[in-house]
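Trainee: I should like a close look at one part of this structure, namely its aromatic pairs and their surroundings. Please treat the matter as one connected account.

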Amino acid sequence: MCFKLGPMNANPSPTLPEIILPLDLDTPREAWRVIERIGGDLKWVKVGLQMYLRWGDGFVKELAKEGFSIFLDLKLFDIPNTVASAIRSIGDLPVALTTLHTLGGVPMMRAAVEARDRVAPHIRLLGVTILTSMDDATMNRVGIPGGVGPEVVRLAGLARESGVDGVVCSPQELGLLQAAGVGDLTFVTPGVRPADASADDQSRIMTPGEAVRAGARYLVIGRPITAAPDPAAAFRAINEEMLQAFRA
C-alpha cells in the first residue's frame, strides 16, 4: 500500500501541489493504458462511481499494489448510520481519501468521522460542498438561494465542525474559504482546466496556476489529460504550470 498523504490540516509550511488523475473510463485496460502513457510522475489517481461500481475492490487493490495513492470518490450521502456503515465497509481498502456530501449535515459527517477513527484511520475524509457543475441558477432551482460562494463557505464550516479533514470545492471559492477562517482544511479542487481546454460540464473553473495561487493543494484534473493526444505531455505541462505558480 502507498499512502503518501501528509496531515490534512492547514498548510503551515507550504507543500507542493499535486495532480489527482480521475480514472473515469470504461475498463481497467483503458485506465492502465492512460497511466502507462503518462509514466512515472503520476502519484495520485481517483476512482469514482463509474469504475468502482463496475470493477470494485479488485481494481482499487491493483492500483495500490502498483504504488498509487488512491482517492475513492464515492460522495456518500445518506442517514448517519448508513454512511458510517459504508465507511466501515471500505475500511480495509488501501484508500487514502474518500468523500461524503456536506449537505448530509453534521450528524452524518460526525458518524463518518467516528467510524473512520475506529476502523480506518488511514482514510482521510473530504466533504463535498457544491458540485463544480452547478452555478447560481442551478442552486436556485433546487431551492438553495443566495449563491454558490456563501453556500460553499457555510458547508465548509459544517465540515470543519464535524471533524472532516478537508473539502472538495471549486477553486473559485478558495479565497472565500481562506477569508472565512477555515483555511486549516485541505482543499481538493476539481473544476481545473488549462486555459486552452474545453470547460466540458464544469461551470466554475480556474486554470491550474490560478488554482494553486488561490491555495489548492490537490487538483483533480481529468479530461484535459486523459483525452489529450499525448497524455504525458499534457500532464507535464499542467504540472509545470502548477509548480511555477507555487514557486512564484
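Mentor: The account below begins with the whole chain and then turns to the aromatic pairs and their surroundings.

The model is predicted: local features need pLDDT of at least 70, side-chain atom pairs count only at pLDDT 80 or more, and totals for chains, interfaces and linings use all residues. Residues are numbered from 1 along each chain as its sequence is written, and side-chain values use heavy atoms, with hydrogens and water left out.

The protein has 10 helices and 8 strands; these are DSSP runs numbered from the N terminus, helices being H or I of at least four residues and strands E of at least two. Of its 248 residues, 52% count as buried. Buried means under 20% relative accessible area, exposed over 50%, and partly exposed in between, with a 1.4 Å probe and protein chains only. Among contacts in the protein with a separation of 6 or more, 71% join residues 24 or more positions apart, where contact means heavy atoms within 4.5 Å.

There are 2 aromatic pairs in the structure. Rings of Phe, Tyr and Trp (its six-membered ring) pair if their centres lie within 6.5 Å; planes under 30 degrees apart count as stacked, over 60 as edge-to-face and the rest as tilted.

One pair joins Trp32 and Phe68: the ring centres are 6.4 Å apart and the planes stand at 50 degrees, so the pair is tilted. Trp32 belongs to helix α1 (residues 28-38), whereas Phe68 is in the loop between α2 (49-65) and β3 (69-76), so the pair ties together parts that are 36 residues apart in sequence. Trp32 is buried, at a relative accessible area of 18%, and Phe68 is buried as well, at 9%.

The other pair is formed by Trp44 and Tyr218, whose ring centres are 5.4 Å apart and whose planes are at 65 degrees, so it is edge-to-face. Trp44 lies in strand β2 (residues 44-47) and Tyr218 in strand β8 (residues 218-220), so parts 174 residues apart in sequence are tied together. Trp44 and Tyr218 are both buried.

The surroundings of this second pair include a charge. The charged end of Arg217 sits over the ring of Tyr218, 4.4 Å from its centre; the criterion is that NZ of Lys or CZ of Arg is within 6 Å of the ring centre and within 35 degrees of the ring normal. Glu18, in strand β1 (residues 18-22), touches both Trp44 and Tyr218, and also Lys43, Arg217, Leu219 and Met242, not counting residues up to four places away in sequence. Glu18 is itself buried, with a relative accessible area of 15%.

Leu219 and Met242 lead on to Ala211. This residue is in helix α8 (residues 208-214) and is buried, at 0% relative accessibility. Leaving aside neighbours within four places in sequence, Ala211 is in contact with Pro171, Leu174, Val192, Met206, Ala216 and Leu219. Ala211 and Met242 are 31 residues apart in sequence, and their C-alpha atoms are 8.3 Å apart.

To return to Trp32, its helix also takes part in helix packing. Two packed helices are described by the angle between their axes and the distance between the axes. For α1 and α2, the angle is about 50 degrees and the axes are 11 Å apart; axes are lines fitted to C-alpha atoms, for helices over the stretch in contact, and angles run from 0 to 180 degrees between N-to-C directions. That makes α1 oblique to α2, since angles under 35 degrees count as roughly parallel, over 145 as roughly antiparallel, 65 to 115 as roughly perpendicular and the rest as oblique. Trp32 contributes to the contact along with Pro28, Ala31 and Ile35 of α1, and α2 supplies Met51, Trp55, Phe59, Glu62 and Leu63. By class, this contact has 8 nonpolar, no polar and 1 charged residues; Ala, Val, Leu, Ile, Met, Phe, Trp, Tyr, Cys and Pro count as nonpolar, Asp, Glu, Lys and Arg as charged, and the others, Gly among them, as polar.

The loop between α1 and β2 holds Asp41, which is exposed, with a relative accessible area of 51%. The C-alpha atoms of Asp41 and Phe235 are separated by 8.8 Å, although the two residues are 194 residues apart along the chain.
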